[in-house]
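Trainee: Got a minute to walk through this one with me? I'll put it on screen.

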Amino acid sequence: MKFFRYAVIVAVIVVVGVLRRWRRRRDGRSSQPRGRLAREYVSSDVGLVMGRELRERLRSRFYLVGTVVILIVVGAAIIIPVVHHSKNTDETIGVVGGLSPATRTWVMTTARAGAVSVHFVTLPGLADATSKVKSGSINFAVVDGRELLVETQFSANDVSTTASLAHAVAIHLGESNALVAAHLNAQQSAALSHAGPVPIVAVRHGATKGVNATSLIGVILIFMMLSQYNTWTLIGVMEEKSSRVIEVLLSTVRPVRLLAGKVLGIGIAALLQASIVVAFALVLSKIVGSNLLHGTATLEVLSTLVWLVLGYGFYCWVYAAAGSMAERQDQVQSLALPLSLPLIVGYIVSLTAASATGPSLLLKILAYIPLTAPFAMTTMVGFGAVAWWQFALSVAISLASTVALARLATSIYRRAILRTGSRVRLREFRRTR
Amino acid sequence: MAGLLEVQGLSRRFGALKALDDLSFEVRAGEVVGFLGPNGAGKTTTMRAIFGLTDLDAGRVRWNGVDVGAAQRRRFGYMPEERGLYPGMRIGDQLVYIGRLHGMSLADAQRDSDSWLERFGLAGRANDKVESLSHGNQQRVQLTAALLHSPELVILDEPLAGLDPTGIDEIGAILVEQARTGCCVLFSSHQLDQVEDLCESVIIIDHGHLVDTGRVDDLANSGARRLVVRVEGDRSAAWARDVPGVTVSEVTGGEVRLLLDDGVDTDDVLEAARRGGRVTEFVMRRRRLSEVFREALK
């Protein structure tokens, strides 16, 4: 896991470094003081477009309502398992004719492990026990340590707390009675009663039984956010085209800079929302005592954020180019469906894999394909089945693909955004200049 | 503020359609220039080309002797034919945003935006969304977006379309005012009467090439002599059809506009008119811009 920790740190440094280098190359002003460069960047056309996008998104009702809905979903995902596990059930066991302290201790310890509190009630006789079982004031009664009295016979598939406890008590009493009947000495009896299972040794190291819950939540979050914010990019570009404001904007801003400002603005809004959700999840899990922060969860949270950024960075260009080809809402819908297919495939495969005992070959392959890596690699991290170099390789592939895709998308955007009338089709770019 | 826009040899083809065909003209600062042409003549494509919004097969656009690039365009103002504003964005924010994209400081953009909105009687609506405004007021906000940064050159595609007479007067006055302050103003319109009132010069294009250009006064005073005659009870100008050297240009509600060839004696025309009935109007007129336009396109 140490390697993986380093991998995440290296990935973040690489992303920041690449972005800074790209920005310096574009501005050609790497010798300028950092503060001045930052100020100029914010007040440049890219900064202005980014600021407008961010401001308008944060003001929108969709953003506020969407954030609240995600917080509710995440809150529920954290609280419900905690509540489920911490739910105490009280069981009252009637005792007729006495019960040894060792047996009482065993019953209480066993029950506590299943979050069940047991109370023993001493009863004078069988009639009284029968009456109390019938009335429901006790769950069952142990009669002379030799039989259990229950209201109705348990069915074979009854997994209720009372049935499970009664079965466990019955087996324990049977074994205890058998030990007594075998006339073993105290040492022999103790050795038998403390017998434990033989150890189970795994031949493959690293892989755990299932995916970590943090990664599972991460995959769901990435899917929700990528779907939401990429649709924003798509609709935002389409609206600028259909309202013709694009002509006013492009009369003073170059297409690539306008597009860069737009996707940056929406991306920051996405990252802000994701950060709010993650912070909320961490704080809430700390308050309610969820295991979200335990073990390797911090790394999985970081990995989720890294892949949210990389996933948005990759898909935003695809959706922006698609938005420039549409002019109406119905055209957007027909474009959005095929674009969302890789997202859905990555999401479904990752969720399906999460319920298995280890990563499948398909998941391992998808973890290196930029279209599905945000989901598949996050799930792989959840399994603890990825080495640092595998993570870094996937990040590198995603970054390289994003750069190539951004160039292609900008070219499509530049040609399509001012074309009005019927929807622009990809094949038209081969014959138009 | 001196300025000269030079459009040199613009050509642009869309498939089989020649939208611009070696189009050249000049626009000088301090003038309001009308950009005229029938539908599909290439006016919008030319305006887009000036702002780099369409690729060119040939030709170039120069401002003060320099090829127009991003730096020059920041100092231009543009009002597209199909109005371009964010419908759901606040008016004040939108104007400040566009002003800043043109290089204004935040304080200047806010101050000038407030000033223009006040001038248009929209001072209290800076926080309203554009979509809540009437068509005329949206047009005013759009014009403000084009003028906010005090551009050296402003190009407006059909700025008078859909406006009531008051709106036309208001926007027309602003265009003239801009030109008087040294701005170079070029706008297209099909409302030739308004163009004639507002413009010092016009550029007429058809099928992507220049057809005629010049000062409105010069164009109006050029060409064949025009004679306006009204004969009581006459609606068809039948009396004028057989007069040698005379062509009937237009008959509108009993008013007949005639084109006279060189050498035609107006006394002969008056005599012919009298034979048609009692003459109630007989006056020489210069060419109207609509006539200049129609004759240029023949």
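Mentor: Sure. Keep in mind that this is a predicted model. Let's begin with a single bridge: Gly34(B) has Val202(B) in β9(B) as its bridge partner.

Trainee: Which strands pair there, and in which sense, parallel or antiparallel?

Mentor: Strand β3 (residues 32-36) of chain B pairs with strand β9 (residues 201-206) of chain B. The sense is parallel, over four bridges.

Trainee: What's the strand order in the whole sheet?

Mentor: β6-β7-β8-β3-β9-β10, in chain B. That's six strands in an open sheet, with mixed pairing. At the edges sit β6 (76-79) and β10 (209-215) of chain B, each paired on one side only. From one strand to the next, the twist averages 15°.

Trainee: Which strands does helix α1 of chain B lie across?

Mentor: Helix α1 (residues 43-50) of chain B lies across β3, β7 (153-157), β8 (184-188) and β9 of chain B. It runs at about 150° to β7(B).

Trainee: And helix α10 of chain B, what does that one lie across?

Mentor: Helix α10 (residues 289-297) lies across β3, β9 and β10 of chain B. Its angle to β9(B) is about 30°.

Trainee: Back to β9 for a second. Ile205(B), buried or exposed?

Mentor: Buried. Ile205(B) lies in strand β9 of chain B. It counts as buried because 25 other C-beta atoms lie within 10 Å, and the cut-off is 20 or more.

Trainee: What does Ile205(B) touch?

Mentor: Leaving out residues up to four places away in sequence, Ile205(B) touches Leu23(B), Gly37(B), Ala41(B), Gly42(B), Lys43(B), Leu210(B) and Val211(B).

Trainee: How far is Ile205(B) from Arg288(B)?

Mentor: 83 residues in sequence. In space, 17 Å from C-alpha to C-alpha.

Trainee: New topic, helix packing. At what angle do α3 and α4 of chain B pack?

Mentor: About 130°, with the axes 9 Å apart. Helix α3 covers residues 91-101 and helix α4 covers residues 106-119. An angle of about 130° falls outside the parallel, perpendicular and antiparallel ranges, so α3(B) and α4(B) are oblique to each other. Their crossing is right-handed.

Trainee: Which residues meet there?

Mentor: From α3(B): Gly92(B), Leu95(B), Val96(B), Gly99(B) and Arg100(B). From α4(B): Leu106(B), Ala109(B), Gln110(B), Asp112(B) and Ser113(B). By class, this contact has four nonpolar, four polar and two charged residues.

Trainee: Now the interface. How many residues does each chain put in?

Mentor: Chain B puts in 21 residues and chain A 17 residues. On the chain B side, α2 (70-73) and α3 each supply at least two residues. α3(B) gives the most, with four residues. The side of chain B that touches chain A has 13 nonpolar, two polar and six charged residues.

Trainee: What angle do α3(A) and α3(B) cross at?

Mentor: Roughly 165°, and the axes come within 10 Å. Helix α3 of chain A is residues 45-59. The angle is over 145 degrees, so α3(A) is roughly antiparallel to α3(B). That crossing is left-handed.

Trainee: Which residues meet across it?

Mentor: Asp45(A), Leu48(A) and Arg52(A) meet Tyr97(B), Arg100(B) and Leu101(B). The contact of α3(A) with α3(B) has three nonpolar, no polar and three charged residues.

Trainee: Last one. How many helices and strands in chain A?

Mentor: 16 helices and four strands. Of its 433 residues, 35% count as buried.

Conventions
Residues are numbered from 1 along each chain as its sequence is written. Chains are lettered from A and ligands numbered from 1 in the order in which they are written. This is a predicted model: local features need pLDDT of at least 70, side-chain atom pairs count only at pLDDT 80 or more; totals for chains, interfaces and linings use all residues. Two strands pair if DSSP finds at least two bridges between them. Axes are lines fitted to C-alpha atoms, for helices over the stretch in contact, and angles run from 0 to 180 degrees between N-to-C directions. Two residues are in contact if their C-beta atoms, placed from the backbone, lie within 7 Å. Angles under 35 degrees count as roughly parallel, over 145 as roughly antiparallel, 65 to 115 as roughly perpendicular and the rest as oblique. A crossing is left-handed if the near helix is turned anticlockwise from the far one by less than a right angle, and right-handed if clockwise. Ala, Val, Leu, Ile, Met, Phe, Trp, Tyr, Cys and Pro count as nonpolar, Asp, Glu, Lys and Arg as charged, and the others, Gly among them, as polar. A residue is buried if 20 or more other C-beta atoms lie within 10 Å of its own, exposed if 12 or fewer, and partly exposed in between; C-beta atoms are placed from the backbone.
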